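Trainee: Could we go through this protein together, one piece at a time? I would like to learn how to read its fold.
Mentor: Gladly; have a look at it, and then we can start.

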Amino acid sequence: MRKHRVLYLDAAPDVGGSVVSLHELLKGLDRTRYEPVVVTYAPHKYVDRFRALGAEVVVWDVYNMPDHRPEWVSGVRQSKFAQWLRKSTWGSSLYHGLGFGILFVRRLWPRARALQRIMSEKEVDLVHTNSLMSHDREGIMAARLVGRPCVCHVRDFEQWDWFEKRLAKMVTRFIYISEAVQKHYVESGVPFSKGRVVYNGLDVAVFASALDAAKGRQSLGIAQDDLAVGIVGRLDSWKGHQIFLEAMAQVREVVPNAKGVIVGDPPPHKPQYRDTLLALCDELGLKDHTIFSGFRVDVPLVMSALDVVVLASTSPEPFGRVLIEAMAAGKPVVATDGGAVREIIEDGVQGLVVPPRDPAALARAITYLLTQRDLAKAMGQRGQAKVRERFSLQQYVDGVQAVYREVLVG
């Protein structure tokens, strides 16, 4: 039986949930049936990890390519005429239409043709985009140009313009990472029958084997008598790190040995956000009670070091991968309500759910888990059981491969 070559389009500028989830998929992919080719838009830290799994990787460093706008555009955008156009209904439509025309001619179409050449050269049978339609437009166009089916694995909520609505018709199948994301896309006009929910998964055995709390705490600089509360993920403002720090200032009033642990780096286009958080630590008196570890590949070891894991997102989470990572490590979680959070945890069972943007509520939940150690341990154990049952690597890989079979046979 001939293997099907699948091209995975990784449009992320840096490592985040989509990249980690792609790595997990490649780890479990049936190599007797599928041969992966990964095209990344950035030379991020997971490129070598993809290659270590035996995938062919093409690093297409698009974020360092010249801007698609000609030099004269900047001056025109600041002109009084352009400002006048933007203020009127018909003028705004014309202004944005011209902007999209430049974008299409100078970026989308050249990239689509370049990807078409890569797809033809690699003789792929299927294209799997891995982020959002608005981020993967040229990949969807290229799949149509080369005449191959396209599976669009959507990992966030997005608002479509007329162009995305046209692109949606070119997509063969959608994979949604949660029911919340599925509902959003169906309401946007995608037929229900054109997609299915496949929850992200992870290798529970890897997390179980990495549960070395002493080693993990040492690697983060956590003292033996500290109670560590961690927030893990990219340093982006909507992830609620500022809310987390405000909550930790309140937690320490009740639990003096509580220490905040912030794991992750800012995205390349927002390097100053880390400095903003450091300044807030100083303001709140948390400078000596907060650890910034930067990006860590060894997430299971990091999780083993924490007593409570927090998801503090201020906008609805399309999934919240950090939740299943914490649960796999047997850690109780505190998560802000919205999006897919309640699909993953039940309030009071595997953790606690609190309103978003509410430092006081977040502080109360964290304090409760730090002071009710037996209850917190039981929540962690129930979390482990739920991950094994519902968010395993096998269910994730099986779900994606079921879509491949539908597309390649049908």
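Mentor: Before we begin, one term: two strands pair if DSSP finds at least two bridges between them. Keep in mind also that this is a predicted model.

Trainee: Thanks! Over how many bridges do strand β1 and strand β4 pair?
Mentor: Look at residues 4-10 for β1 and residues 126-129 for β4. One bridge to find by eye is that of Tyr 8, whose partner in β4 is His 128. The two strands pair in the parallel sense, and the number of bridges is 4.

Trainee: Which are the edge strands of the sheet that holds this pair?
Mentor: The sheet is open and has 7 strands with parallel pairing, in the order β3-β2-β1-β4-β5-β6-β7. Its neighbouring strands are turned by 20° against each other on average, direction ignored. An edge strand pairs on one side only, and here the edge strands are β3 (56-59) and β7 (195-197).

Trainee: What about the open sheet of 6 strands: what is its order?
Mentor: This sheet also has parallel pairing. At its edges are β10 (290-294) and β13 (351-354), each pairing on one side only. From edge to edge, the order is β10-β9-β8-β11-β12-β13.

Trainee: Which residue of β12 is the bridge partner of Leu 311?
Mentor: Start from β11, residues 308-311, which pairs with β8 over 2 bridges. On that side, Val 229 partners Val 308, and Gly 230 partners Val 309. Towards β12, there are 3 bridges, and the strands run parallel. There, the partner of Leu 311 is Ala 335.

Trainee: Are the residues on the two faces of β11 buried or exposed?
Mentor: Take the faces in turn: Val 308 and Val 310 are on one side, with Val 309 and Leu 311 on the other. Helix α14 (residues 321-328) lies across β8, β11 and β12, running at about 170° to β11. With both faces of the strand covered, those four residues are all buried.

Trainee: Why do the buried residues of α12 line one face of the helix?
Mentor: They are Tyr 273, Leu 277, Leu 280 and Cys 281, and they pack against α11 (241-254) and β10. Seen down the helix axis, these buried residues line one face because they fall within an arc of 105°.

Trainee: How far apart are the end C-alpha atoms of α12?
Mentor: Begin with the expected value: at 1.5 Å a residue, the 12 residues from 273 to 284 should span 16 Å. Just after the helix, Gly 285 takes a positive phi of about 75°. The model agrees with the expected span, as the end C-alpha atoms are apart by 17 Å.

Trainee: Which helix gives the most to the largest nonpolar core?
Mentor: In soluble globular proteins, nonpolar side chains tend to be buried together. The largest core here has 71 residues, and those with the most contacts inside it are Leu 115, Phe 174, Tyr 185 and Met 303. With 7 residues, the helix that gives the most is α5 (residues 89-122).

Trainee: How many residues are in the other core, apart from this one?
Mentor: First, a look at Tyr 185 in the largest core: its contacts include Leu 132, Val 154, Trp 160 and Phe 174. Apart from that core lies another, with Phe 244, Ala 258, Tyr 273 and Met 379 among its members. Its number of residues is 35.

Notes. Residues are numbered from 1 along each chain as its sequence is written. This is a predicted model: local features need pLDDT of at least 70, side-chain atom pairs count only at pLDDT 80 or more; totals for chains, interfaces and linings use all residues. Side-chain values use heavy atoms; hydrogens and water are left out. Contact means heavy atoms within 4.5 Å. Axes are lines fitted to C-alpha atoms, for helices over the stretch in contact, and angles run from 0 to 180 degrees between N-to-C directions. The expected span of a helix is 1.5 Å times one less than its number of residues. Buried means under 20% relative accessible area, exposed over 50%, partly exposed in between (1.4 Å probe, protein chains only). The arc is that of the directions from the helix axis to the C-beta atoms. A nonpolar core is a set of buried Ala, Val, Leu, Ile, Met, Phe, Trp, Tyr and Cys residues joined through side-chain atoms within 4.5 Å. Lists of a residue's contacts leave out its neighbours within four places in sequence.
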